[in-house]
Amino acid sequence: MPDMHIRTALPEDDDALARLDRATWSTLHAVQPRPQPPYDPFFNDRFGPRDHLVAEVDQRIVGYVKLGYPTPLLVNAHVRQIQGFVVAEEQRGKGVGRTLIRAAMDEARRQGAVRITLRVLGHNTPARKLYEAEGFVIEGVLPGEFLLDGAYVDDVLMGRPL
């Protein structure tokens, strides 16, 4: 595999990240409808470049992870949550996702977090296997929480200590 570099996103990454998001959209992981033009900017008032780590291969963005707070409550400030995670189709199975997850955990620790959580759709087996391999465990399940492509899909909460 060519050299991979993980870095904090920059404002000028907005277009590349938006294109990657649209190219990888799937009901395997998305609960929002497929984006349609005119497209919203990738970064917004809630999540900016500083909230994203990007993976680059050959100076091209091939993945990202969005790290945020699960709630705005001070009593919950010791926890970070992965709130977005994408790897380009052609880079899957090459270690990009694993490297991004590990980088997110490192960044959460750097920010002082002692715990990290995420939510994943029950039918997203590849993502769930990756998270489990990185030490995440199932902490809760909301059965049939989403109706996607005519089927009810569980929302699975996973977490791990840092």
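Visitor: In which loop is the place of Asp 149?

Guide: This is a predicted model. Two strands flank the residue: β6 covers 137–148, and β7 covers 151–161. Asp 149 has its place in the loop between β6 and β7.

Visitor: What is phi of Asp 149, a residue other than glycine?

Guide: Asp 149 is not a glycine, yet its phi is positive. The value is near 50°.

Visitor: Is Asp 149 buried or exposed?

Guide: The relative accessibility of Asp 149 is 68%. Exposed means over 50%. Asp 149 therefore counts as exposed.

Visitor: Where is Asp 58 found?

Guide: Asp 58 has a positive phi of about 50° although it is not a glycine. Strand β3 spans 60–68. Asp 58 is found in the loop between β2 and β3.

Visitor: Why does Asp 58 count as exposed?

Guide: The cut-off for exposed is over 50% relative accessible area. Asp 58 counts as exposed because its relative accessibility is 60%.

Visitor: Which residues does the cis peptide bond with omega of about -5° join?

Guide: One partner, Pro 38, is found in the loop between α1 (14–23) and β2 (52–57). The peptide bond with omega of about -5° is cis. It joins Pro 37 and Pro 38.

Visitor: How far apart do the end C-alpha atoms of residues 4–162 lie?

Guide: UniProt, in an unreviewed entry, lists residues 4–162 for "domain: N-acetyltransferase". In the model this span is 21% helix and 37% strand. Its end C-alpha atoms lie 24 Å apart.

Notes. Residues are numbered from 1 along each chain as its sequence is written. This is a predicted model: local features need pLDDT of at least 70, side-chain atom pairs count only at pLDDT 80 or more; totals for chains, interfaces and linings use all residues. Side-chain values use heavy atoms; hydrogens and water are left out. Helices (H or I, at least four residues) and strands (E, at least two) are DSSP runs, numbered from the N terminus. Buried means under 20% relative accessible area, exposed over 50%, partly exposed in between (1.4 Å probe, protein chains only). UniProt positions are given in the numbering used here, feature names are shortened, and annotations may be inferred rather than shown by experiment.
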